[in-house]
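This report walks through a single protein chain, taking up its aromatic residues, its overall build and the way its helices pack. Please keep the sequence and the structure in view while reading.

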Amino acid sequence: MELTQLVEMMAKGVTETLFMIFWSTFFAYIIGTPLGVILIVTDKDGIRPCKLLHDILGFLINILRSIPFIILLFLMIPVTQAMVKTVVGSIAIIPPLTASAAPYIARMIESSLKEVNKGVIEAAKSMGASTWQIIYKVLLPEARPSLLVGAAIVMTTILGYTAMAGMVGGGGLGAIAANYGYYRYELGIMVIATIILILITQIIQELWMKAANASDKRKR
């Protein structure tokens, strides 16, 4: 393969991979964030305890989290077809990636919000803050560093899933590594794709960790 073709192919692979990562993360956080907040609010020690809602929601989230991504990918084929009118390509991977990441994000959000000092929450309650005010002005701001670290973990996990999706027509660097490295025995191309995936992972991790450190009041 000529160098120009290789560069163009890798550039397309990077673009498709980033497309899948960012849109899947965006939609997964839209779904997962409110679920995580509901979990922490309705917990027995939460702002508005509701055991029934907490247990049902937690059970459903745990079920979704326990389904391996590759299986979820196939289970969601009818849903994906209905939503994006195709089951191949980078856009077709976004619905299953979102469905896989959303429950994981919900648990990450719950874990981060649990780290907030209960004294701060009680102080807000004593000043007459409503449930929504406590969530948006106390819980989320106080948990920001942990939430940002969680975002780094989520995005790198989704990146790993995009590589897996490449084995089944998902596009991106994973597809390049599979099609050329595995099926055509072109080890060099697979190595290049793998190195790029590692670099993307490191960049994502570094950016989110810097953001987390910058938002941490204890490190100022």
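## Aromatic pairs

Trp 23 and Phe 26 both belong to helix H1, where they sit three residues apart, about one turn of the helix. The model in which they are seen is a predicted one. A pair of aromatic rings is described by the distance of the centres and the angle of the planes. Across the whole structure, a search finds five aromatic pairs. In the pair made by Trp 23 and Phe 26, the ring centres are 5.7 Å apart and the planes stand at 90 degrees, so the pair is edge-to-face. Trp 23 has a relative accessible area of 41% and is therefore partly exposed, and Phe 26, at 44% relative accessibility, also counts as partly exposed. Ring pairs join Trp 23 and Phe 26 with Phe 27 in a cluster.

Helix H7, which covers residues 131–142, holds both Trp 132 and Tyr 136, four residues apart and so about one turn of the helix from each other. These two residues form an aromatic pair of the stacked kind, with 5.8 Å from centre to centre and 15 degrees between the planes. Are Trp 132 and Tyr 136 buried or exposed? Both Trp 132 and Tyr 136 are exposed.

## Overall build

The protein chain contains ten helices and zero strands, so that, read from the N terminus on, its elements run α-α-α-α-α-α-α-α-α-α. Measured out along its principal axes, the C-alpha trace of the chain spans about 70 × 45 × 25 Å.

Of the 220 residues in the protein chain, 42% count as buried. Among the contacts in the chain with a separation of 6 or more, 72% are accounted for by residues 24 or more positions apart.

## Packing of H1 with H8

Helix H1 runs over residues 3–41 and helix H8 over residues 144–165, and the two pack at an angle of about 130 degrees with their axes 9 Å apart. H1 and H8 are therefore oblique to each other, and their crossing is right-handed.

On the H1 side, the residues that meet H8 are Thr 17, Met 20, Ile 21, Phe 22, Ser 24, Thr 25 and Tyr 29. Their partners in H8 include Leu 147, Gly 150, Ala 151, Val 154 and Met 155. Sorted by character, the residues of this contact between H1 and H8 comprise ten nonpolar, five polar and no charged.

## Packing of H5 with H8

H8 also packs with helix H5 (residues 90–114), at an angle of about 155 degrees and with the axes 10 Å apart. That angle makes H5 roughly antiparallel to H8, and H5 passes H8 in a right-handed crossing.

Which residues of H5 meet H8? They are Ile 93, Leu 97, Ser 100, Ala 101, Tyr 104, Ile 105, Met 108, Ile 109 and Ser 112, and the H8 residues that they meet include Ser 146, Leu 147, Gly 150, Ile 153 and Val 154. The residues of the contact of H5 with H8 divide into 13 nonpolar, six polar and no charged.

## Packing of H1 with H10

H1 packs in addition with helix H10, which covers residues 187–215, at an angle of about 40 degrees and with the axes 11 Å apart. This makes H1 oblique to H10, and the crossing of H1 and H10 is right-handed.

From H1, the residues Leu 6, Met 9, Met 10, Val 14, Thr 17, Leu 18 and Ile 21 take part, and they meet Ile 189, Ile 192, Ala 193, Ile 196, Leu 197, Ile 200 and Ile 204 in H10. The contact of H1 with H10 is made up of 13 nonpolar residues, one polar and no charged.

## A positive phi at Lys 85

Lys 85 lies in the loop between helix H4 (77–84) and H5. Its phi is near 65 degrees, which is a positive value in a residue other than glycine. With a relative accessible area of 63%, Lys 85 is exposed.

Terms used
Residues numbered from 1 in each chain as written. Predicted model: local features only at pLDDT ≥ 70, side-chain atom pairs only at ≥ 80, totals over all residues. Heavy atoms only, no water. Axes fitted to C-alpha atoms, helices over the stretch in contact; angles between N-to-C directions. Parallel < 35°, antiparallel > 145°, perpendicular 65-115°, else oblique. Left-handed = near helix turned anticlockwise from the far one by under 90°. Contact = heavy atoms within 4.5 Å. Nonpolar A, V, L, I, M, F, W, Y, C, P; charged D, E, K, R; others polar. Phe/Tyr/Trp six-rings, centres within 6.5 Å; stacked < 30°, edge-to-face > 60°. Buried < 20%, exposed > 50% of the residue type's maximum accessible area, 1.4 Å probe, protein only.
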